[in-house]
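Work through the two exercises below with the sequence and the 3D structure open beside you. Try each task on your own before you read its solution.

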Amino acid sequence: MQSDTMAVHAGFEALSETPRPLTPPIYQSSVFVFDDLARAADVTGGASPGYSYARIGHPNADMLSAAVAALEGAGAGATAASGMGAILAALLAARGEGGIAIAREIYGGSVALARSFLSPLGVECSFFDSHDPQSIPEGAGAVLVESCSNPLGRLSDVAALADAAHRRGARLVVDNTFATPYLVRPLEHGADLVVHSATKFLSGHGDVILGALAGSEELVAAAQSSLTTFGATPDPFAAWLALRGLRTFGVRMERAVENAAQIAKHLASHPKVRKVHHASLGTHPDRALAERYFAGRGPAILAFDLADEAQAEKFVSRLAWIRYAPSLGDVATILLHPATTSHRQLSAQELAELGITPGTVRLSVGIEAAQDLLAEIDRGLAG
Ligand SMILES: *Cc1c(COP(=O)(O)O)cnc(C)c1O
């Protein structure tokens, strides 16, 4: 079954009672009742499936978890209160007794998780170059990379990273937030766990903070146990909103990916644009990886370099309806300026090493009509 079809139907079977509405209800209850002692003992002891207290589980979380597992081709899935909660639970489940090795080019929240949270707790954290799988350090139990990086859309060779991690006795965790299972399913290439900020493309409407993870039953159960224990499980309404958003995942991604490729092509020949970072273009350093992992396509995110920060400022101020919003994966096209927001903690030299300039602008491309997007971008670049 294609991912578009799964996105529309997956998770439905998790609802077993009658009557069964086509659209799931919101189980907005913190607790579930039992008719007798035996049933209460069975459910709380894990002898039979069911719900007791909503931090431990509820139907809206289970429906979303089942849908994410189906989309990622996983044996099991879990839902978290945020992407960060999902990443922490995945790393704790994957590391065993070992340390954590994190790709240098990664979401700022993941860097903060390692430096300010896991390291002080005594978990050994190190950083490595994800474009050189052999640089994964020995002693790591879990390795965290992104299938597609922020903001320049660098791609990971997931199979090579999984192989190098496994040779060192480590498990590979892939943050698939940017690429999504529409473009790549990392578990099929050897990853052990996939994590998502479901806040972004999976839910797609900028109205929830939510996370998800998927992988083998054993690893997901370990991650779920952490989520339940440290209380990073999702609210029923948030899980319901995310599943509702996920129903249109296939058509949203198809349009956004196509729009991004058209914008990339348009910008590549614009005299004011110094460089376009998008894997659909022959000039992108990971064009070969895009062929291998993304069926030749690029993600729904792209970045481009204007001459300097003043030019980026002018671009933003001239736009009529593409808004500056520091997130991504929404139905609306939104933008941000990495050097002054998402990557502001980096020094000028670190920015230069990653290839982010003061004139770099990142677009998260939405589902608007391509001709309107191109006209809006030309408005921003005019004058
Ligand atoms: C947004 C994001 C996160 C964090 O997710 P939250 O839902 O904000 O907790 C993690 N990884 C990537 C790649 C992201 O874009």
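Two exercises follow, one on the ligand and one on a helix.

The model is predicted, so that local features need pLDDT of at least 70 and side-chain atom pairs count only at pLDDT 80 or more, while totals for chains, interfaces and linings use all residues. Residues are numbered from 1 along each chain as its sequence is written, and side-chain values use heavy atoms, with hydrogens and water left out.

**Exercise 1.** Describe the surroundings of the ligand and its polar contacts.

*Solution.* Begin with the shell, where a residue counts if one of its heavy atoms lies within 4 Å of the ligand: there are 14 such residues, and the closest are M84, D175, S197, T199 and K200. Sorted by class, the shell holds 6 nonpolar, 5 polar (Gly is counted here) and 3 charged (Asp, Glu, Lys or Arg) residues.

Next, look for polar contacts, which are pairs of N or O atoms within 3.5 Å. A polar side-chain atom of D175 is 2.7 Å from a nitrogen atom of the ligand, and a polar side-chain atom of T199 is 2.7 Å from an oxygen atom of the ligand. Finally, the ligand taken alone exposes 380 Å² (Shrake-Rupley method, 1.4 Å probe), of which the protein buries 92%.

**Exercise 2.** Which residues of α14 are buried, and where do they lie around the axis?

*Solution.* First locate helix α14 (a DSSP run of H or I, at least four residues), which covers residues 370-381. With buried meaning under 20% relative accessible area (1.4 Å probe, protein chains only), the buried residues are A370, L373, L374, E376, I377, G380 and L381. These residues lie on the same side of α14, because they cover an arc (of the directions from the helix axis to the C-beta atoms) of only 160 degrees.

Note on methods. Polar contact = N/O pair within 3.5 Å; in protein donor to acceptor, adjacent residues only side chain to side chain. Helix = DSSP H or I, 4+ residues; strand = E, 2+ residues; numbered from the N terminus. Expected span 1.5 Å × (residues − 1). Buried < 20%, exposed > 50% of the residue type's maximum accessible area, 1.4 Å probe, protein only.
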